[in-house]
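I set out to record how the parts of this chain are packed together. My entries follow the order in which I looked things up.

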Amino acid sequence: MKSIFRSDLFEGRVAVVSGGATGIGLSIAEELASLGANVVLASRKRERLVPAARGLAEEYGVQVDGVVCNIRKRDDVESLFDHTLERFGKVDFLVNNGGGQFPAPAESIKEKGWNAVIDTNLNGTWHMCQTAANKYMLQHGGKIVTVVADVERGFPGMVHTGAARSAVINMAKTLAVEWASRKVLVNCVAPGIILSTGMHNYPPGIAENSIQRVPLKRLGSCEEVAGAVLYLLSPVGDYVTGETIKVDGGSSLWGESWPIADVDTEGMVEIPPWPEQRWPQYALKE
Ligand code: ADE
């Protein structure tokens with residue numbers, strides 16, 4: 001998908017994109033590169049980083065670096081921004097796209113699995129935001145966009161990531177206010193069900209089966225999510241901060257995501273009696 005923005009819009013700008021070597025992150029990095037930005041891709045997997053960085057640089061004629069970085073580790077995150085500042089002298093945009101989760105009923109999630117999902121999606125995002133702010137953005141301004149998930153109605157089947165993403169949405173609101181005077185804008189984009197490489201982590205057929213519960217009756221694309229991120233990073237997003245934009249085909253508004261078993265109706269609540277039925281001796285006579 002070709003960008004709707006002017007091809008030199010981000011010339012000379014520098015963006016860090018976590019989880020930027022695959023899926024939605026790669027689409028975001030690609031659109032940034034196509035608009036002239038130099039990009040630093042951060043990911044844990046060198047085998048994906050190298051081809052992504054070289055491919056983007058070659059295709060769009062910008063500088064693209066790949067840095068191996070586990071966002072859960074503060075030291076890795078510090079090195080990522082040190083590298084970016086040494087190489088480019090600035091960091092205008094931070095896109096937190098790196099994250100992950102696994103589907104499981106709440107009662108079966110082990111402590112290790114819970115902690116891992118919270119650590120990546122909440123703590124990792126926090127490390128990235130605070131480090132970018134302290135090392136550069138609080139002095140020079142900048143924009144932070146975090147790709148979260150559509151958690152408005154809770155997140156049945158993935159309670160860990162629902163809790164973490166909800167916390168990140170709240171964190172964006174707080175940082176938007178605390179850092180407004182430093183010209184640091186902080187927002188989120190919440191994708192619904194997107195056909196992306198992340199789908200490989202879910203059982204086969206889950207995406208196709210979800211279509212029926214999306215009002216627009218189709219899945220979203222990585223490019224459609226990237227478009228919302230680019231809007232926020234672009235000058236037309238300059239008056240938007242603390243916001244979360246859903247890109248979900250309406251799925252947060254309608255449709256069943258988690259079937260609830262029939263409930264035994266015995267013991268169901270009853271409508272309480274009027275006072276004159278409860279204490280007939282005091283009922284007013286007409
Ligand atoms: N993408 C998913 N998990 C990640 C992590 N821990 N660090 C960087 N990118 C990631």
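**Entry 1: Ile-28 and the cores**

I began with Ile-28, leaving aside its neighbours within four places in sequence, and found it in contact with Val-95, Val-147, Ala-226, Val-229 and Leu-230. I note here that the model is predicted.

I then looked up the largest nonpolar core, which has 37 residues. Ile-28 is among those with the most contacts inside this core, together with Phe-10, Leu-32 and Leu-41. At least two residues each come from β1, α1, β2, α2, β4, β5 and α7. Of these, α7 gives the most, with eight residues. I also recorded another core, apart from this one, of 35 residues, including Val-40 and Cys-129. In soluble globular proteins, nonpolar side chains tend to be buried together.

**Entry 2: the sheet**

I traced an open sheet of seven strands with parallel pairing, in the order β3-β2-β1-β4-β5-β6-β9. Why is one side of β3 and of β9 left without a neighbour in the sheet? Both stand at the edges and have a single partner strand each, so one side stays free of a neighbour in the sheet. On average, neighbouring strands are turned by 15° against each other, direction ignored.

At one edge, β9 pairs with β6 over four bridges, and Cys-188 has Thr-244 in β9 as its bridge partner. I found α2 packed on the sheet, where it touches β2 and β3. Helix α7 also packs on the sheet and touches β4, β5, β6 and β9; its direction makes about 165° with that of β6.

Terms used: Residues numbered from 1 in each chain as written. Predicted model: local features only at pLDDT ≥ 70, side-chain atom pairs only at ≥ 80, totals over all residues. Heavy atoms only, no water. Core = buried A, V, L, I, M, F, W, Y, C linked by side-chain atoms within 4.5 Å. Buried < 20%, exposed > 50% of the residue type's maximum accessible area, 1.4 Å probe, protein only. Contact = heavy atoms within 4.5 Å. Pairing = 2+ DSSP bridges. Axes fitted to C-alpha atoms, helices over the stretch in contact; angles between N-to-C directions.
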